[in-house]
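Colleague: I'm new to this one and keep tripping over the labels people use. Can we go through them, with you showing me how each one is earned?

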Amino acid sequence: MTLVFLFSGIFPLAGKAEESFSKMVGPVKVGTVKQNSPLEVPFITWGGDMATFYANGGLTTQSGSIFSKKGLNINLVPGDDFVQQVRNYMEGKSPFLRGTFRMIGMASEAIGSNPRTKGVVILQMTWSAGDHMVVRKNIRTLDDLKGKTVVLQKGGPHVGMLDDILKTGQLKWEDIKVIWKDDLTGTPNSPAEIFRKDKNIDACFVISPDMIGLSGGLQSIGSGAEGTVKGARVLISTAELSRSIADVYVCRKDFYDANRKLVDKFVAGYLKGCEEVIDLKKQYEAKGSAKYMKLLKLTQDIYGKDVIPTLEEDAHGLLCDCTFVGYPGNVAFFTGKGSLHGFDAFQESALNLAVDRGYAGVRTGLFPSGLDYSSPAFIGYLTKTEMTKAERFKAEAVLEEIELLSAGGGLDDRTIISFTINFEPNQNTFSSLQYGAEYQRVVEMADKYGNAVFAIRGHSDPTKTLLNLVQAGLKKGVIKRSGTRGNYHYSFQGKPLSLANTTAVVDLVEDGQFDGASGINPRQTMQAALNLSRKRAGAVRDSIINYAQNKGLTLDKSQIQPVGAGIREPFIAKPKNMEEAKQNMRVEFRLIRVEAEAASNADFDF
Amino acid sequence: MRRKIILIFNTALILATLLSVLPDKTSGSEYDCNNVVIVLDASGSMKNKMRGTSMKKMDAAKVAIQEVLKQVPVDTHIGLLVFSSSNLNEDWVYPLGPRDDAKLSKAISLPQAGGRTPLGAYIKKGVDRLLAERARQHGYGSYRLLIVTDGEAQDRDLVDRYVPEVVGRGITIDVVGVDMKTTHTLATMVHSYRRADDPASLKKAVAEVFAEVADTGSDIAGEDAFSQLAAIPDETAAAMLSALSISGNDPIGGKAGPGSPSKKTTFRKQSGKSKGIGTIVLLFFIMLIAVIIIWKVIAKR
């Protein structure tokens with residue numbers, strides 16, 4: 001349940017979603033931030049802000065709280081109306097902006113119009129894990145999205161998410177029809193309700209409670225009962241597309257320059273709050289925690305019971321829908337080299353989106369935090385500062401799941417996108433020179449979809465196995481062949497081999513009547529084909545890892561799992577020539593959603 | 001006498017040759033291991049000397065296996081299963097796993113020939129272990145059962161029953177006869193049956209198994225593979241491949257053998273499903289009629 005009413009007040013004007021942000025803000029006189037104590041700091045409805053509440057002890061800084069111990073005096077104020085937030089920021093009521101990175105990007109031109117109010121991104125709080133694209137059954141994978149109608153809130157966090165999804169599918173905004181709605185959730189005009197009522201709408205962007213209402217759950221398919229929409233399911237969620245929505249704090253440049261120590265304290269205090277909230281959450285989930293319950297109650301008090309009706313489901317769920325990045329995440333985000341989800345990459349995509357969609361006329365850059373993360377303000381004060389990143393996935397669990405999905409026919413339903421590369425017979429080396437474009441795509445998507453897995457599925461051509469099977473049948477006399485070279489005819493029990501007697505032939509294959517022919521073993525050929533297919537997949541995986549290393553790009557190897565499909569899924573079961581056979585010789589990349597159990601637990605995602 | 005000594009060395013050579021053709025590990029992971037389970041006959045008849053020599057069959061078998069281990073790739077997983085030994089309590093003298101040459105050599109030297117010849121039962125035991133390993137390796141790798149024996153099994157019915165099933169499950173069976181009659185049952189049923197004095201046949205065993213047709217489209221004989229298959233209907237070809245692709249990893253001798261319901265292909269399952277639905281519908285109507293009759297009887301009262 002993310003951003004419940006976050007953007008309900010944004011872009012109040014009806015009509016085209018892509019409007020100039022400056023126009024929405026209207027004329028504003030840039031003022032100086034006059035008051036440092038108490039310092040006004042905006043918050044929004046999001047689990048990441050619960051760590052702010054915790055650090056502050058409430059809306060005002062409480063004695064004994066983390067911020068209090070840092071000497072801060074903060075007054076937290078609601079900021080769900082982002083346009084008003086920007087006005088306050090420029091007028092000097094608050095030096096801070098609170099939003100998603102892409103929202104900040106949309107406002108970049110407005111805030112960058114004056115050197116004093118240019119934005120310094122000082123803190124990454126979280127990644128979203130609770131926003132979802134729900135589709136009808138006519139969309140099985142992203143490949144089916146072209147030409148479809150999608151409904152989402154205008155100007156909200158899902159704009160950037162949709163932009164990421166379109167890029168994943170190598171689609172443009174013009175390839176889909178977008179219906180914009182003012183509200184995010186909870187009204188008849190919200191995307192979930194429009195999707196429910198209008199069967200012509202193929203997909204919608206929703207938050208967790210709406211997603212559950214439409215499909216029944218992240219891995220479920222709506223049955224039509226209990227308010228769900230028959231056939232509705234989550235195609236893509238930030239549970240997998242985990243590096244799409246980054247929640248951040250931005251500080252005015254003039255205030256930042258004049259108050260570096262205060263900014264240090266605010267960032268360090270927030271990160272300390274994250275550490276303690278994470279530990280409390282673990283305690284709560286293991287054996288209960290009165291202190292955690294107190295935080296949930298504080299959250300409910302701040303947001304109100306209409307937004308957070310229950311503590312255990314709604315307040316706890318709000319926190320579960322986000323993933324903290326902590327100290328390591330901030331260091332990686334602002335200073336990491338080769339990261340595809342770092343500040344530079346995010347700024348570029350946010351500004352591109354802002355300009356391309358008309359929110360900004362020109363690209364106006366933001367500043368990275370510039371904080372000294374090795375200073376005593378952080379090191380020694382924080383406890384979770386380990387930068388070594390563990391592998392995200394458990395290899396055996398992932399392999400097991402992919403193999404089960406392959407065997408059970410459920411792989412398509414879990415596939416976000418797939419694409420293939422082809423090669424030559426018995427080829428098992430794959431140069432990045434030849435396949436560099438595909439490898440780059442894999443590396444980028446693996447990074448963006450940090451909680452999804454790339455199954456690299458090797459396939460081999462079945463012609464040799466089929467030929468061996470026929471030869472074995474001939475040798476054992478199960479089938480007969482007549483005619484001359486180039487013009488053969490096959491028969492079974494005195495009749496031409498045809499569809500009519502296929503069942504009987506299949507029975508004999510299953511009963512082992514084609515086995516045991518001297519010198520011909522189709523099963524061994526088939527096994528060799530299976531091994532070859534995995535060998536191909538493994539070689540491709542190794543090449544991708546090498547490619548990423550050579551390019552200086554980070555890649556979590558555990559996200560890429562090679563598997564072999566052997567001859568099970570040929571494009572053409574009986575190729576007529578080598579060209580057709582080569583269509584079967586392929587490696588398929590499938591970005592798939594896996595069960596949470598396949599992932600290793602970690603405090604932070606970075 | 002000289003011929004028989006050659007026979008012993010040839011036995012070793014055969015074993016070595018067969019096992020040295022195991023494919024390269026596919027990508028160096030634990031799922032790609034090649035696996036060989038050796039079933040060694042230590043029945044009473046193995047006490048006897050090879051005909052025309054002073055060497056006991058058991059000793060000849062041990063020499064052969066030791067020779068094999070010099071040739072087998074070091075990363076091949078080996079298991080040694082011995083039956084009827086007079087001096088061992090455990091039949092898995094060397095459980096299937098990574099090879100440790102010192103331990104393996106010692107294990108091979110241990111068995112002393114003893115009792116009966118329950119070959120069928122031990123084929124099952126060795127194969128079941130391979131199938132369990134295949135399940136663990138998700139089907140990748142290779143799986144061979146190497147039987148080293150001197151004669152007819154006393155549970156021939158089990159041999160006759162199990163061997164086709166083992167072959168149908170895609171496990172390769174190699175048999176090396178130690179001074180064994182050429183009319184042995186296994187000779188006609190397994191993938192390779194080698195006599196030690198037939199070295200020419202060994203070359204066939206070393207041929208690499210190619211998974212796909214070559215770029216020319218030719219098979220081994222040089223004939224175009226595609227034209228050979230042209231007259232096979234596409235749907236029939238697909239169904240045959242599908243049938244071949246299905247092989248479970250359940251223990252043999254149960255319901256998962258060739259032709260058993262659990263091993264049927266999708267092609268067959270579809271017909272099975274419709275039969276199942278038909279039966280349910282029929283039962284439903286019978287129950288419905290029964291309810292109506294009972295209701296009418298009650299209503300009359």
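Modeller: Let's begin with rings: those of Phe, Tyr and Trp count as a pair if their centres lie within 6.5 Å, and planes over 60 degrees apart make the pair edge-to-face. By that rule there are 30 aromatic pairs over all chains. Bear in mind that this is a predicted model.

Colleague: What makes A:Trp127 and A:Phe333 an aromatic pair, and why is the pair called edge-to-face?

Modeller: Their ring centres are 6.4 Å apart, and the limit is 6.5 Å, so they pair. The planes stand at 70 degrees, and over 60 counts as edge-to-face, so the name fits. A:Trp127 sits in strand β4 of chain A and A:Phe333 in helix α13 of chain A, so the pair ties together parts 206 residues apart in sequence. Both A:Trp127 and A:Phe333 are buried.

Colleague: What about A:Tyr327 and A:Tyr373: what makes that pair edge-to-face?

Modeller: For A:Tyr327 and A:Tyr373 the centres are 6.2 Å apart, with 80 degrees between the planes. The cut-offs are within 6.5 Å and over 60 degrees, so the pair passes on both counts. A:Tyr327 belongs to helix α13 of chain A, while A:Tyr373 is in the loop between α14 and α15 of chain A, 46 residues apart.

Colleague: How do you know that A:Tyr327 is buried? And A:Tyr373?

Modeller: Buried means under 20% relative accessible area. A:Tyr327 has 6% and A:Tyr373 has 5%, so each of them earns the word.

Colleague: Which residues do ring pairs link into a cluster?

Modeller: The cluster is made of A:Phe101, A:Trp127, A:Phe333, A:Phe334, A:Phe343 and A:Phe346. A:Phe346 also has A:Lys448 over its face, at 4.8 Å from the ring centre. Elsewhere A:Lys70 lies over the face of A:Tyr381, at 3.8 Å from the ring centre.

Colleague: On to charges. What makes A:Arg590 and A:Asp412 a salt bridge?

Modeller: The side chains of A:Arg590 and A:Asp412 meet at 2.8 Å, N to O. The rule asks for a Lys or Arg side-chain nitrogen within 4 Å of an Asp or Glu carboxyl oxygen, so this one qualifies. A:Arg590 lies in strand β18 of chain A and A:Asp412 in helix α16 of chain A, so the salt bridge ties together parts 178 residues apart in sequence.

Colleague: Is each partner buried or partly exposed, starting with A:Arg590 and then A:Asp412?

Modeller: A:Arg590 has 10% relative accessibility, so it counts as buried. A:Asp412 is at 28%, so it counts as partly exposed; that label runs from 20% to 50%.

Colleague: Which other residue forms a salt bridge with A:Arg590?

Modeller: A:Glu588 does, with the closest N and O atoms 2.5 Å apart, and A:Glu588 is buried too. These residues belong to a network of salt bridges that links A:Arg140, A:Asp412, A:Asp413, A:Arg457, A:Glu569, A:Glu588 and A:Arg590. Over all chains, the search finds 38 salt bridges.

Colleague: And what makes A:Asp605 and A:Arg243 a salt bridge?

Modeller: Their closest N and O atoms are 3.0 Å apart, and the limit is 4 Å, so they count. A:Asp605 is in the segment after β18 of chain A and A:Arg243 in the loop between β9 and β10 of chain A, 362 residues apart. Both A:Asp605 and A:Arg243 are buried.

Colleague: How do the two chains meet: how many residues of chain B are in contact with chain A?

Modeller: 56 residues of chain B touch 67 residues of chain A. Together they bury about 5700 Å², with carbon and sulfur atoms giving 61%. B:Tyr140, B:Glu212 and B:Leu244 supply 14% of what chain B buries against chain A, more than any other three residues. Three salt bridges cross this interface. B:Asp32 and A:Arg534 form a salt bridge as well, at 2.8 Å, N to O.

Colleague: Last one: how do you know that the span of helix α4 of chain B agrees with what a helix should give?

Modeller: At 1.5 Å a residue its 18 residues should span 26 Å, and the end C-alpha atoms are 26 Å apart, so the two agree. Its buried residues include B:Leu119, B:Tyr122 and B:Ile123, and what covers the buried residues includes β1 and α5 of chain B.

Methods: Residues are numbered from 1 along each chain as its sequence is written. Chains are lettered from A and ligands numbered from 1 in the order in which they are written. Side-chain values use heavy atoms; hydrogens and water are left out. Helices (H or I, at least four residues) and strands (E, at least two) are DSSP runs, numbered from the N terminus. The expected span of a helix is 1.5 Å times one less than its number of residues. Buried means under 20% relative accessible area, exposed over 50%, partly exposed in between (1.4 Å probe, protein chains only). Contact means heavy atoms within 4.5 Å. Rings of Phe, Tyr and Trp (its six-membered ring) pair if their centres lie within 6.5 Å; planes under 30 degrees apart count as stacked, over 60 as edge-to-face and the rest as tilted. A charge sits over a ring if NZ of Lys or CZ of Arg is within 6 Å of the ring centre and within 35 degrees of the ring normal. Buried area is the accessible area (1.4 Å probe) that two parts lose on being put together, summed over both.
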